[in-house]
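Trainee: I am new to this structure and would be grateful for a close look at a single part of it. Please also explain how that part fits into its surroundings.

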Amino acid sequence: MHTMLDRALNNYSVNATAFKTAWYYNSFRKTYKFLKKSQWWGRERLEAYQLQELRTLLSHAYANVPFYKELFDSLQLKPTDIKELADLQKLPFLTKDLIREHLGEIKAKNYPESSFELTRTGGSTGYPLQFYKQKGVWLTRLMAYTKVLMGWAGCSFLDRSVFITGRTEPWKYQLFGRMLVLSSFYMNEEHLPDFIQKIKAVQPKYILTYPSAITLLATYVNNHKIDKFLGVKTVICHAETLYEWQRKLIEDTFQCNVHNHYGLREQAALGGTCEYNSFHLFPQYGITELIDGKGNPVTKEGEVGEIVGTGFHTYHFPFIRYRTGDLGVYTTEKCRCGRAFPVVKEIKGRVQDFVVSKTHALVPLTRIHHLVAESSQQVKACQFYQDTEGELVLRLVVAPRYTDADSKKIHKEFHKILGDGFTLTICIIDCIPLTNRGKFQFLVQKLPLNSYR
Ligand SMILES: [Zn+2]
């Protein structure tokens, strides 16, 4: 999302105002109605729909987006040359580097400046990125898709719930007291007793959370032998990889179903687990490909590939064959639910990592990495390194215009979130080496985390 939904709910008061306008509401209803119906379409019909959407998007990009006009021309292609879905592979990938270099040229020219919203993401893959999206509407659409996903998980927005997210204030109530919002930054010995009292009082039907945050809550509940206090039916995880051991820990602790959602602020792919716990990607949202290290499609059962997304809702700033940096496991398995959606067995590569504070507390890094992007536009890549409690090294690869002022801003933002629990050292380097397996590692953690659990 990666924290897309996260952000939507965090900005609820602003969004609620936007939501009141009839236009937004109608757009929400229309999208939701369409999704409810089309989720049962057969494969052929879904693919026909995708092809039509793809061709419309490409024609628009060619006519209105300088970057794509130039790209098509340089390949001597016309949008009309894309006659079937496989033809999409004639186009090169859109990388984060390309977006950084061509930010202005990827903006569509046929929309008023006031309709654009600049977005920044830290990206779990460690490559901070800025791009544009259409103001307001993205939320309406996301809410419609999310309503469908929540339905798959047996929940509704109106249910009593707990929402755990990265906020600077420890807790608050939303949706007229029906939603308790807790900050993942305060999942520690000091605040957890109070949090647990509050959760008990709300009696939530579901908890929406980062896996790392609910792991801290579950571990605390188990360690302190707190009785099974929750009538929680479902825990919905998002924004990070949900590891199997965590799924089991959550299930065992809260005796509930565990669901998993996947999305990107870039709006290039969106999906989640259905009633049978298979992971599905919405074909109505865009085209998702899995590619190997050489850029070829992954075709073997169980093989891991990078998720490449083409987003049908990205007219303001088209994401066409966008390399997300996230990994998925390929499968041709059909799901018992009967939906003909592509199934990705598992989403990997959503980094979720913990750092250890001076007081030996585990602090999840999720959302902290957004801070780098939000603090400085001059950071090209970043990585955390820790080998001592309470000390963090932030390795940065920066653009030429990076100055001391950027470092100061980063220090300031980190202090706001991490307080006195950490000292941060910024270290500018030329490049961040990949792991032996060729993967980017957002955190190099040298401390034995198991001893802190
Ligand atoms: Zn299914």
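Mentor: I shall begin with the chain as a whole. Of the contacts in the protein chain between residues at least 6 apart in sequence, 67% link residues at least 24 apart. The model is a predicted one. Its protein chain has 453 residues, of which 57% are buried, and its secondary structure comprises 12 helices and 20 strands. About 20,100 Å² of the protein chain is exposed, with carbon and sulfur atoms supplying 51% of that area.

The part I propose to examine is an open sheet of eight strands, in the order E4-E5-E3-E6-E7-E8-E9-E10 and with mixed pairing. Strand E4 (171-174) and strand E10 (279-281) form its edges, each of them pairing on one side only. On average, neighbouring strands of the sheet are turned by 20 degrees against each other, direction ignored. Helix H8, residues 192-202, packs on this sheet and touches strand E3 (161-165), E4 and strand E5 (179-183). The direction of H8 makes about 165 degrees with that of E5.

At the E4 edge, one residue of the backbone deserves attention. Leu 175 lies in the loop between E4 and E5, and its phi is near 50 degrees, a positive value in a residue other than glycine.

At the other edge, E10 pairs with strand E9 (residues 270-273) in the antiparallel sense, over three bridges. Within this pair, Gly 272 stands opposite His 280 of E10. His 280 leads on to a metal site, where its NE2 atom is one of the protein donors of the zinc ion. The other donors are the SG atoms of Cys 274, Cys 335 and Cys 337, and the four lie 2.1 to 2.3 Å from the zinc ion. Along the chain, these donors follow the spacing C-x5-H-x54-C-x1-C.

The geometry of the site can be reasoned out. The angles among the four donor atoms are 103 to 121 degrees, and the site therefore counts as tetrahedral, since all angles must lie between 85 and 135 degrees for that description. For comparison, the ideal angle for four tetrahedral donors at a metal is 109.5 degrees.

Two of the donors may also be placed with respect to the surface. Cys 335 has a relative accessibility of 11%, and Cys 337 a relative accessible area of 11%. Because the limit for a buried residue is under 20%, Cys 335 is buried, and Cys 337 is likewise buried.

Notes: Residues are numbered from 1 along each chain as its sequence is written. This is a predicted model: local features need pLDDT of at least 70, side-chain atom pairs count only at pLDDT 80 or more; totals for chains, interfaces and linings use all residues. Side-chain values use heavy atoms; hydrogens and water are left out. Two strands pair if DSSP finds at least two bridges between them. Helices (H or I, at least four residues) and strands (E, at least two) are DSSP runs, numbered from the N terminus. Axes are lines fitted to C-alpha atoms, for helices over the stretch in contact, and angles run from 0 to 180 degrees between N-to-C directions. Contact means heavy atoms within 4.5 Å. Buried means under 20% relative accessible area, exposed over 50%, partly exposed in between (1.4 Å probe, protein chains only). Accessible areas come from the Shrake-Rupley method with a 1.4 Å probe; for residues, only the protein chains shown count as cover. Donors are N, O and S atoms within 2.8 Å of the metal (3.2 Å for Na, K and Ca); water is not among the atoms, so sites may look incomplete. Four donors count as tetrahedral if all angles lie between 85 and 135 degrees; four count as square planar and six as octahedral if opposite donors are over 155 degrees apart and all others between 65 and 115; anything else is irregular.
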